[in-house]
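Trainee: Could you take me through one part of this model up close? I'd like to start from a single side chain and work outwards from there.

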Amino acid sequence: MKHFLQDKRHPTLDFLRYVGPGLIVAVGFIDPGNWAANLAAGSQFGYKLLWVITLSTIMLAFLQHNVAHLGIVTGKCLSENATKHLRPAISRTVLGSAVLASISTAVAEILGGALALQMLFNLPIVVGAILTALVVIWFLFSNSYSKIEKVIIGFVCLIGVSLLLEIFIIPHISWGAAAKGAFVPSISGKSLPIIMSALGAVVMPHNLFLHSEVIQSRQWNLKDEAIMERQLRFEFFDTIFSMFLGWVINSAIIIIAAALFFPRVVTEISQAQEMLVPLLGPAAAILFAIAFLFAGIASSVTAGMAGGSIFAGLFAEPYDAQDPHSRLGVLITIIGATAAICGLSFVTSSFNILIYSQVFLSIQLPITIFLQIYLTSSQQVMGKYKNVWFTKWLLLATGAFVTLLNIMLIVETFK
């Protein structure tokens, strides 16, 4: 990836130039699947499950921070490191499953773009999916990483502004109940499936690969230890800042659902948009659909980048939009996802397509998490920057917890 030059003028300016990789990853934290889970949480349980967003954000920040360190210290992404440090048969199996996970992720995200186009222009799902895929492929192949990063940051800002405008339009929000719900856990038998879905879907395999890749855009000098230390600090603040924005946006969706829909259960995005019209008027419904469209397109772009990065890593290469392997990985991810949507849309509902895509992610996620922990805990890979024992065991506990949640989610889905 194209590297940024170090800014010698002022540390604050240097840091501001560093912000970006975390926001690229945060898009996966506010994708259509998260919208669906958040709307279900708010409409069924009011403000009581806001704590799930808080906990999931902490877990996500911890794992993303760790995998970004791998990218900074080694100068290679998670996929490249797997190819370099694992036996070929193992690395190909792991990375092959990760490519399939990227396709599965893209299914939910391209479907989100198609649903938004249906809400705005009444387009059929298949037509909307194809249009979204074409826009994503054109965007990834015709722009540099730095431009893509700026556009994605713009999308994140527009999503946030749209949702904040929705909140300002809502006449009655219980901010006291929202504050309590954000930090005081509340669990019941009926809420357990929603909690598992929200927590289990936040940490996504493709985001772990993607963060270790896009952090390469900020590599200045791997041989200068002082610069390395500063990069590690800057990455930490970039990740925390980006995950905080993700927390705000996801919390806003639950707050909107709790204030407007509770206790009427919402299970479809289009259902939520239709219910906004009599409550707040057509302008609010359009704002909602536009924000959802931005989320679908932006997350589809990052899923395509992740697929390209993982596939290029199979050949020990970094992601490069002009490289044949990276381009093939993008095409496999986006076209594969679009084909799945077009095929499945004739036999099942959009909601079921989302469920099936999340189930495969649940199966693959532990493989990626424990691959990351193995590499970041290795002296051979990380040198003196390897995980200390405390970090390693905390990562293992986080990985085990996320794995358990995803197993429970799979069991609950097919019960």
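Mentor: Sure, let's start with Trp 247. Leaving out residues up to four places away in sequence, Trp 247 touches Phe 29, Ile 53, Thr 54, Thr 57 and Phe 183. Keep in mind that this is a predicted model. Trp 247 sits in helix H12, which runs over residues 225-260. Is Trp 247 buried, exposed or partly exposed? Its relative accessible area is 21%, and buried means under 20%, so Trp 247 counts as partly exposed. Another link to a distant stretch of sequence is Leu 50: the C-alpha atoms of Trp 247 and Leu 50 are separated by 9.7 Å, although the two are 197 residues apart along the chain. That fits the chain-wide picture, where 82% of the contacts between residues at least 6 apart in sequence join residues at least 24 apart.

Now follow H12 itself. Helix H8 (residues 145-169) packs with H12, their axes coming within 10 Å and crossing at roughly 30°. Angles under 35 degrees count as roughly parallel, so H8 is roughly parallel to H12. The crossing is left-handed. From H8, the contact uses Val 156, Ile 159, Gly 160, Leu 163, Glu 166 and Ile 167, and from H12 it uses Ile 249, Ala 252, Ile 253 and Ile 256. Sorted by class, that contact of H8 with H12 has 8 nonpolar, 1 polar and 1 charged residues.

Ile 253 is a handy stepping stone, since Leu 39 touches it too. Leaving out residues up to four places away in sequence, Leu 39 also touches Ala 257, Phe 261, Val 266, Ile 269, Ala 272 and Phe 288. Leu 39 is one of the residues that touch the most other members of the largest nonpolar core, a set of 125 residues; the others are Trp 35, Leu 140 and Met 305. Helix H6 (residues 88-121) gives the most to this core, with 15 residues.

Leu 140 and Met 305 take us to one more helix pair. Helix H7 (residues 125-142) and helix H14 (residues 282-313) pack at about 55°, with their axes 10 Å apart. H7 and H14 are therefore oblique to each other, and H7 passes H14 in a right-handed crossing. Thr 132, Val 136, Phe 139 and Leu 140 of H7 meet Ile 297, Ser 300, Val 301, Gly 304 and Met 305 of H14. By class, this contact has 6 nonpolar, 3 polar and no charged residues.

For the wider setting, the chain has 18 helices and 0 strands, and buried residues make up 59% of its 415 residues.

Terms used. Residues numbered from 1 in each chain as written. Predicted model: local features only at pLDDT ≥ 70, side-chain atom pairs only at ≥ 80, totals over all residues. Heavy atoms only, no water. Core = buried A, V, L, I, M, F, W, Y, C linked by side-chain atoms within 4.5 Å. Buried < 20%, exposed > 50% of the residue type's maximum accessible area, 1.4 Å probe, protein only. Helix = DSSP H or I, 4+ residues; strand = E, 2+ residues; numbered from the N terminus. Contact = heavy atoms within 4.5 Å. Axes fitted to C-alpha atoms, helices over the stretch in contact; angles between N-to-C directions. Parallel < 35°, antiparallel > 145°, perpendicular 65-115°, else oblique. Left-handed = near helix turned anticlockwise from the far one by under 90°. Nonpolar A, V, L, I, M, F, W, Y, C, P; charged D, E, K, R; others polar.
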